[in-house]
Amino acid sequence: MKAFERGKRSHQSSYKLLKNQGLPLLCSQKTMLIPNASKWCLEEMVKFINCKEEREQKVIPIFYHVDPSEVRNQREIYKIAFSRHEKNADEEKRGKIRRWKTAMREAGKLAGYDVKVDSYESEIIQDIIKEICGTIPMVLDVDEKIVGMDSRLEKLVSRLEIQSNGVRMVGVGGLGGIGKTTIITALYNKISNQFRSTSFLTNVREESTKDSGLLKFQQQLLDDTLGVKGQLTLKKIHEGVKEIKDKLSSKKVLVFVDDIDDSRRLEHLVGKHSWFGHGSRIIITRRKKDLLKAHEVDYIYEVDKLNEVKALQFFCSYAFRQCVPGKGYGDLSIQVVRYADRLPLALKVLGSLLFRKGVKDWKSELKKLQEVPNMEITNVLKISYDGLDHTQKMIFLDFACFFKGAHVEIVTQVLDGSGFKAESGINALVDRCLITISTNKKIEMHDSLAQMDKEIVYKECPNESGERSRLWKHEDVCRVLTINTKIEGMLLNDQCTSEHEIKFTFEAFKRMTRLRVLIVNNNQVQLFEDITFPSHDLTYLYWAGYSLASLPSNFHANSLVFLYLKDNNIKRLSERKLVS
């Protein structure tokens, strides 16, 4: 048996290669195989057979000018050669010879290629190449610039528990653009060589909206894992479910289902652990963790943002094609990373956008991004927003415009006061990784998501701020104080500066009949005695520097949940009893 040319590689290194790379093993049997110099080849054969038994790796024997039965039964030249090895052998060597014999016997039992003296060797070589190419797992294209991948893969691999014999399903969750697909692609390349049957199903959400798309993925799953492309044709989804259960229940497989958003589709592709053979591993990516929990996956790995150092390195790999900022770009690079809030998608898009551009262009792009979000980033993030129901969208927009960083318990009461069923809505946003609740109960949201939400509100009516549901910009607030009709929420903070006082008049509030949230944190606001709050829906009122001696006489408090008047001139709460 000859696997590597003598003198080119030791059997220790070849065995390491076989374990790490998982390639099919090619065993060549020759009549000249076992002279006195054949010990190295015999040791190689033992290693190959061990790999086959321990790791279920495929071995392809080539019986070159020798009958397989001679190898299997160790007759003629093999018998003579082993007799020579056994001559004057001590007990240690006799044990080694027994291992050689056992390995050769097992190799002789395997189906392979019988190359006779009169065979057309070129044709056989082509057949061997074809079989090997069909056995080697494909290597998927993955972003080589991503940093911090090794530690993430190490954690994921540990959760897969590949050495255990049971079937294990692992979910990978996280915000859109966080790098879920990149991570599982790298994971596939790392572990696919440990499985004889693999399948990687991509873009399931986009391409399986109709039954025909779902059927296509069922077909791909069977074709990939069974190696029967063109031999089995599915016509109905229920037929696909039956074939998957029947054909794969006794087969060890590695299956990746990337970006799936519907429980029905998931159930029809990888429905239960029992559908797959012992040792199988199923990896599923999903933005919504509740779907993964409902599917009873064994573990959910949530992908976190990059830390600041790795985020800067990742951004620089695109902006400068190196891991550090170019000369004169250090502070600008840090500004971009902060704007992207360490989201890999945003870092990649912005780095590519700014590549080979001058400092002046960088400053211009940064200024533009503060006003208009990058659409390539927004389009990915908006997929999660589009999956929300109406109430969840309303809550999400309120968070972005008014309550980012606010205490969740106070905001919950405010939202309940608006009839939004806050707890359910907040849980849905957390589940989709659109917000997080910090340990001190504060609402946290990715900056790119907050900017996307504000862009959604802006597009309600781009040309007229008074027709939008929420306002947070100083110039928009000042404008609607005279012309507004549809405002539900308004924020005027201390970052809004003006050379003149801002006047809140009777007419300014007269038409704000839908106002739910009003936040004023600006000491340049001047109030007039005849001001009125006609809205019955006001649930949240925060006013720093309230200048009047009392609240308006017609102030409606029936929906009010939160009232905070900081640094005020209040002498009595109202001229009369509050309307409630």
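Two strands are taken to pair if DSSP finds at least two bridges between them, a criterion that applies to the first view of this predicted model.

**View 1. Strands E11 and E12 pair in the parallel sense.** Strand E11 and strand E12 (residues 489–492) are joined over two bridges, and one of the bridge partners is Gly-489 in E12, which is matched with Arg-470. Both strands belong to an open sheet of five strands with parallel pairing, in the order E11-E12-E14-E16-E17. Strand E11 (470–471) and strand E17 (562–566) stand at the edges with a single partner strand each, so that one side of each has no neighbour in the sheet.

**View 2. Helix H18 packs against helix H22.** The axes of H18 (residues 375–386) and H22 (residues 447–458) are 10 Å apart and make an angle of about 80°, which means that H18 is roughly perpendicular to H22. Thr-378, Leu-381, Lys-382 and Tyr-385 from H18 meet Ser-448, Leu-449, Met-452, Asp-453 and Ile-456 from H22; by class, this contact has five nonpolar, two polar and two charged residues.

**View 3. Phe-396 is among the residues with the most contacts inside the largest nonpolar core.** This core has 88 residues, and Phe-315, Trp-362, Phe-399 and Phe-403 are likewise listed among those with the most contacts inside it. Helix H19 (residues 390–403) supplies the largest share of the core, nine residues. Leaving aside residues up to four places away in sequence, Phe-396 touches Tyr-385, Leu-388, Leu-429, Leu-434, Ile-435, Met-445, Leu-449, Met-452 and Asp-453. Another core, of 30 residues, lies apart from the largest one and includes Leu-201, Phe-217, Ile-237 and Ile-284.

Note on methods
Residues are numbered from 1 along each chain as its sequence is written. This is a predicted model: local features need pLDDT of at least 70, side-chain atom pairs count only at pLDDT 80 or more; totals for chains, interfaces and linings use all residues. Side-chain values use heavy atoms; hydrogens and water are left out. Axes are lines fitted to C-alpha atoms, for helices over the stretch in contact, and angles run from 0 to 180 degrees between N-to-C directions. Helices (H or I, at least four residues) and strands (E, at least two) are DSSP runs, numbered from the N terminus. Angles under 35 degrees count as roughly parallel, over 145 as roughly antiparallel, 65 to 115 as roughly perpendicular and the rest as oblique. Contact means heavy atoms within 4.5 Å. Ala, Val, Leu, Ile, Met, Phe, Trp, Tyr, Cys and Pro count as nonpolar, Asp, Glu, Lys and Arg as charged, and the others, Gly among them, as polar. A nonpolar core is a set of buried Ala, Val, Leu, Ile, Met, Phe, Trp, Tyr and Cys residues joined through side-chain atoms within 4.5 Å. Buried means under 20% relative accessible area, exposed over 50%, partly exposed in between (1.4 Å probe, protein chains only).
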